[in-house]
Amino acid sequence: MSNLPEHLLAKSQRGDKPPITLKKHLEDTAKCALQIFRLDGRWGQNWCRFFKIQGTEAQEKFLLNLRVAALLHDIGKANEEFYKAVSEGCNQTFRHEHISALVLHLKQVRSWLQKNSSLDVEVITAAVLSHHLKAAETGDRQWAAPSKGTRNKPVKLYLLHDEIKVTLQEIARIASLDHPPEIAIATFSQDTIWGKAWEDGMKAAKQLKRNLNDERRSLLLAVKAGLIVSDAAASGLVREGKEIEEWIEEVVHSEAIANSEILTAIINPIIGKIDARLKNKPFDLKKFLAANNTEQLQVLQDEIIHTFQKQIAKQGSKVLLLAACAAGKTFAAWKWAQEQVNHYKVGKVIFLYPTRGTATEGFKDYVSWAPEADAALVTGTARYELEAIAQNPPDSMKEKDFTTEERLFSLGFWSRRYFSATVDQFLGFMEHNYGGICLLPALADSVLIIDEIHSFDRKMFDSLIAFLKHFDLPVLCMTATLPTCRKNELVEAGLKVYPTTSDRENLKDLENKENHPRYRLEPVDNFTSAFTKAKQAYSQGERVLWVVNTVDRCLAISQKLKEELKVEVLTYHSRFRLTDRQKVHTETVEAFAFQQHGQRKQAIAVTTQVCEMSLDLDADVLITEFAPIPSLVQRFGRANRHLVREANFRGALHIYEPPKALPYNREELEAARKFINDLGDGDISQKRLADAMERYAREERNADTLPAFFTSGYFARMGSFRDTDDYAVPCILDRDLDEVEALFKARKPYDGYKINVPEKWATGDRPSWLPRYLRVAEWEGHYDERSGFQTKPLEEVDLG
């Protein structure tokens with residue numbers, strides 16, 4: 001023992017705080033595992049339900065395996081290189097968790113653990129190896145391969161240290177094992193002992209994949225994810241000076257959401273807001289609540305809400321809601337959630353959206369009515385979005401602070417009860433997104449609403465199907481329209497479609513809205529004709545929304561309209577700095593927001609596909625290039641959206657051919673032409689659009705691949721939740737580098753300066769301090785705060 005350090009270290013020392021020993025961190029991680037997932041608590045029960053771990057024996061087996069994995073996960077840190085890395089700073093030849101997993105494949109260790117038949121040693125090893133999501137079977141991060149830039153050399157081990165012996169004795173205690181073995185191996189290298197352990201490990205990894213029935217997969221996934229959560233909690237809470245038991249008791253084991261809580265926090269304020277809008281008067285929540293008792297609020301709710309919004313609550317725990325744009329799906333979802341908490345003991349209601357913009361709108365319009373300590377916006381740029389909104393907050397956000405404990409990262413959201421988030425933040429766990437895994441206990445403790453599912457790319461939709469099939473959670477999926485093939489897949493995955501044809505016989509309010517001829521289809525011959533229509537409509541005081549398929553054409557048409565009309569034309573697309581995009585987004589939404597007809601002001605905007613999802617835009621005239629059928633239907637939904645003009649008013653739909661099919665393919669546009677030809681000229685309703693879409697939407701393959709979370713076995717690497725777009729890359733503009741550097745070095749957020757730029761134009765010199773995922777693009781000659789990033793002279797853009 002004389003050549004061993006007095007203490008083994010788990011983390012680098014921070015300031016004058018005492019160092020965290022390896023023994024303490026392993027104990028803390030096991031403590032977090034037990035406290036978070038205890039089986040007499042709601043989170044433990046919901047975690048087991050989510051992963052379909054049924055019965056007392058199976059649930060106790062899960063918790064035992066998780067606790068053992070927690071005590072073993074960092075045992076590989078007991079080596080000289082790691083000790084020097086955290087105390088002095090040096091490179092490490094081998095990743096510590098790779099060593100930890102190989103220790104579990106030493107014969108004496110494995111034989112000892114296998115004496116308890118409740119311990120699934122392969123599951124424990126998989127959790128230990130993959131808990132940093134940096135373990136692969138081959139290639140980069142290959143298990144037990146030397147790290148890049150290091151020399152393959154033996155590493156001195158400290159496995160005979162008293163801290164390791166005490167840890168193994170604790171495992172023996174909780175797992176009822178006999179005295180643990182001594183691991184008298186002095187070094188780690190790719191020699192015969194460790195080479196044999198690696199060979200045995202690779203064989204076990206392959207056997208685990210082959211022998212993975214549903215029950216064992218549930219155990220594997222629950223333990224792997226549970227260890228990451230427990231390790232994150234132990235590290236974060238200790239780092240921030242939190243008492244583990246006290247914090248977990250307060251945050252994790254809070255009261256379940258009651259039906260009455262949703263009514264008070266969300267539904268009553270929304271009812272008041274709708275009532276004020278219908279009566280064309282300002283809304284004051286305090287005055288509204290003071291003027292109406294419980295009975296009066298219920299009467300008002302019964303008067304305002306539609307029948308389908310009431311009936312959705314009776315459709316069960318897994319539902320696909322298909323209803324027209326602006327029919328009131330989001331409010332219906334809150335009524336559904338209110339009913340679900342009568343049947344499930346949960347602590348969260350989570351709304352997921354496909355984009356940051358739609359998640360932010362969902363937060364502003366609904367979630368933010370909740371008390372500030374209960375509501376959360378969860379996107380990649382939420383802090384920036386909240387700061388921007390605070391400059392001119394809506395009624396629901398006045399005098400509220402929705403920020404979380406940022407240094408706890410995902411754990412800072414665990415105390416919140418109502419969420420509006422991008423789908424990636426919560427479902428990204430299926431591609432081993434670390435933040436998504438850390439949010440997984442909150443997801444398992446929720447009722448979940450997923451909006452705008454029509455917009456999911458194929459990879460996202462595959463993940464959605466896998467999620468619905470393999471996890472037990474109350475889920476409501478929503479959209480206005482959906483191709484038949486995708487609807488059938490969702491039904492096969494367990495969702496109940498609402499409303500059905502027979503349901504609609506008793507939903508006259510919804511039927512009237514969907515069958516109302518709100519549009520007049522008037523295709524035009526070409527761009528020139530469309531341009532004439534836009535000028536005429538705007539000159540007559542109408543709201544004109546023009547949607548095109550590429551940013552270049554968006555910029556060129558906007559510039560041409562500015563020159564002709566001599567007015568500022570709103571330009572909205574994806575190629576803005578976030579700070580500028582947020583302003584343009586707000587201006588566009590406000591220009592096309594709900595207003596009674598007499599108050600409506602003329603407006604004109606040119607946008608790309610960003611307008612298709614959940615944005616509450618209400619145009620009088622909609623001009624669009626041909627696009628895939630689901631995109632066309634969504635674009636049409638931005639015209640005459642709220643039916644606030646006279647009953648015989650029709651929103652004009654002008655469609656024309658783009659000069660090129662890209663970014664879509666010719667087959668998609670050909671199907672769209674047939675779709676439009678079938679509809680013909682004249683009046684059409686949303687119901688007619690939906691019916692035609694079912695006939696003409698392209699057939700797709702069924703979901704035939706599982707996300708990496710299900711298939712990785714021993715291993716785990718972070719992947720992409722979406723079909724990746726390598727065309728655009730995140731950048732900082734060269735003119736912003738000095739400001740961004742100052743923020744970066746002060747550890748302040750600089751999200752407002754980020755912009756996605758086509759890779760071809762990300763050619764600026766990259767400073768060494770800039771995070772590796774960011775590139776540099778030129779401002780001069782390319783960028784304008786009002787119009788965004790331009791890649792070519794606008795006069796060279798082919799408009800058709």
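## Strands β15, β16 and β11

Strands β15 and β16 run parallel and are paired through five bridges. Across this pairing, V621 faces A652 of β16. The model described here is predicted.

β16 also pairs with strand β11 (residues 519–521), again in the parallel sense, and three bridges join the two. Here L521 is opposite L653 of β16. All six of the six residues of β16 are buried, so the strand is largely enclosed by the rest of the structure. The burial applies to both faces of β16: G651, L653 and I655 lie on one side, while A652, H654 and Y656 lie on the other.

## Strand β12 and its partners

β12 is mostly covered, with five of its five residues buried. On one side of β12 the buried residues are R543, L545 and V547, and on the other they are V544 and W546, so that both faces are covered.

β12 has parallel pairings with β14, over five bridges, and with β15, over four bridges. In the pairing with β14, L545 has A605 as its bridge partner. In the pairing with β15, V544 is opposite V621. V621 is also the residue of the β15 and β16 pairing that stands opposite A652.

## Helix α26

Helix α26 covers residues 527–539. At 1.5 Å a residue, its 13 residues should span 18 Å, and the C-alpha atoms at its ends are 18 Å apart, which agrees. The buried residues in α26 are F527, A530, F531, A534, A537 and Y538. Viewed down the helix axis, these buried residues fall within an arc of 135°, so they line one face of α26. An α-helix has 3.6 residues a turn, so residues three or four places apart point the same way. On the other side of α26, T528 and S539 are exposed.

The elements covering the buried residues of α26 include β12 (543–547), α27 (551–565), β14 (603–607), β15 (621–625) and β16 (651–656). At the N-terminal end, α26 is capped by N526, which has a side-chain oxygen 3.2 Å from the backbone nitrogen of T528. After α26 comes G541, with a positive phi near 85°.

## The loop residue T608

T608 is located in the loop between β14 and β15. Is T608 buried or exposed? With a relative accessible area of 2%, T608 falls under the 20% cut-off and is therefore buried.

Leaving aside residues up to four places away in sequence, T608 touches V547, V548, T550, V551, C554, Y572, H573 and S574. Of these contacts, V547 is one of the buried residues of β12.

## Helix α2

Helix α2 (residues 42–50) is mostly covered, and eight of its nine residues are buried. These buried residues are R42, W43, G44, N46, W47, C48, R49 and F50.

Which elements cover the buried residues of α2? They include the helices α1 (22–36), α3 (56–72), α10 (214–239), α21 (440–444) and α22 (458–470), together with strand β5 (348–353). Just after α2, K52 has a positive phi of about 60°.

## The seven-stranded sheet

β5 is also part of an open sheet of seven strands, arranged in the order β6-β7-β5-β8-β9-β4-β10 with parallel pairing. At the edges of this sheet are β6 (375–378) and β10 (496–498); each has a single partner strand, so one side of each is left without a neighbour in the sheet. Neighbouring strands are turned by 20° against each other on average, direction ignored.

Within this sheet, β5 pairs in the parallel sense with strand β8 (residues 446–450) over five bridges. V349 stands across from V447 of β8.

## The three-stranded sheet

Another open sheet has three strands in the order β20-β19-β21, and its pairing is mixed. Its edge strands, β20 (754–758) and β21 (775–777), each pair on one side only. From one strand to the next, the twist averages 60°.

Strand β19 (residues 728–733) pairs with β21 in the parallel sense over three bridges. In β21, V776 is the residue opposite I732.

How values were computed:
Residues numbered from 1 in each chain as written. Predicted model: local features only at pLDDT ≥ 70, side-chain atom pairs only at ≥ 80, totals over all residues. Heavy atoms only, no water. Pairing = 2+ DSSP bridges. Axes fitted to C-alpha atoms, helices over the stretch in contact; angles between N-to-C directions. Expected span 1.5 Å × (residues − 1). Buried < 20%, exposed > 50% of the residue type's maximum accessible area, 1.4 Å probe, protein only. Arc of directions from axis to C-beta. Contact = heavy atoms within 4.5 Å. Polar contact = N/O pair within 3.5 Å; in protein donor to acceptor, adjacent residues only side chain to side chain.
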